[in-house]
Amino acid sequence: MTHSPRALTRPRWTHVALPSYDVARSLAWYEEFTPLVKVAEFADDTGETVWLSNDGQVVDPFVLVLVTFHADRGKRQPQLAPFAHIGIEVPGREDVDRVAAKARDAGCLRMEPADIPFPVGYVCMITDPDGNNLEFSHGQQVFARVRGLWGEEAGGEPCSA
């Protein structure tokens with residue numbers, strides 16, 4: 001077991017795990033459509049797992065875990081539908097438009113970019129290979145609101161996607 005210089009000192013929200021019918025395909029999709037990068041991968045007799053997170057995220061890392069169980073390989077199992085979703089906040093409206101255009105071309109755009117009243121902002125929705133929804137938003141201010149509520153922790157820079 002590796003000891004981190006910044007050991008866990010209180011409970012933290014660390015990950016969300018989703019089943020995937022093909023973890024390699026899902027990994028490629030997430031690396032193409034999101035700012036997430038692979039940070040670990042595992043395999044055993046039951047299946048394969050990959051962990052994804054924001055590149056360079058040191059303060060309060062959060063991981064998306066994708067798991068393919070051999071018994072479920074090839075079976076789509078959407079967990080985040082019809083409204084449930086993973087939210088990704090982006091710096092500009094043009095970032096929402098860019099991911100929407102890319103998803104439209106790939107056939108995975110679920111909702112065209114739209115201005116939704118406060119607190120939602122400018123958003124689009126896309127679906128991963130398993131049918132899970134991802135929302136890309138600008139102006140929702142989830143990141144800024146939470147940081148403003150509690151302030152930044154000393155000793156590290158926040159993640160910037």
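This report describes the aromatic rings, the charges over rings and the setting of one strand residue in a predicted model.

## Aromatic pairs

A pair of aromatic rings is described by the distance of the centres and the angle of the planes. In this model the count of aromatic pairs comes to 4. One of them joins Trp-29 and Tyr-30 in an edge-to-face arrangement, with 5.0 Å from centre to centre and 75 degrees between the planes; the pair counts as edge-to-face because the angle is over 60 degrees.

Trp-29 and Tyr-30 are both buried, and ring pairs link these two residues with Phe-33 into a cluster.

## Charges over rings

Phe-33, a member of the cluster with Trp-29 and Tyr-30, also has a charged residue over its face, since Lys-102 lies there at 5.6 Å from the ring centre. A further arrangement of this kind involves Arg-93, which lies over the face of Tyr-122 at 3.7 Å from the ring centre.

## The setting of Val-39

Val-39 belongs to strand β2, which covers residues 36-43. Its relative accessibility is 47%, and Val-39 therefore counts as partly exposed, because that class lies between the limits of 20% for buried and 50% for exposed.

When residues up to four places away in sequence are not counted, Val-39 touches Trp-51, Leu-52 and Ser-53. Pro-11 stands 28 residues from Val-39 along the chain, and the C-alpha atoms of these two residues are separated by 21 Å.

Definitions and conventions
Residues numbered from 1 in each chain as written. Predicted model: local features only at pLDDT ≥ 70, side-chain atom pairs only at ≥ 80, totals over all residues. Heavy atoms only, no water. Phe/Tyr/Trp six-rings, centres within 6.5 Å; stacked < 30°, edge-to-face > 60°. Buried < 20%, exposed > 50% of the residue type's maximum accessible area, 1.4 Å probe, protein only. Lys NZ or Arg CZ within 6 Å of the ring centre and 35° of its normal. Helix = DSSP H or I, 4+ residues; strand = E, 2+ residues; numbered from the N terminus. Contact = heavy atoms within 4.5 Å.
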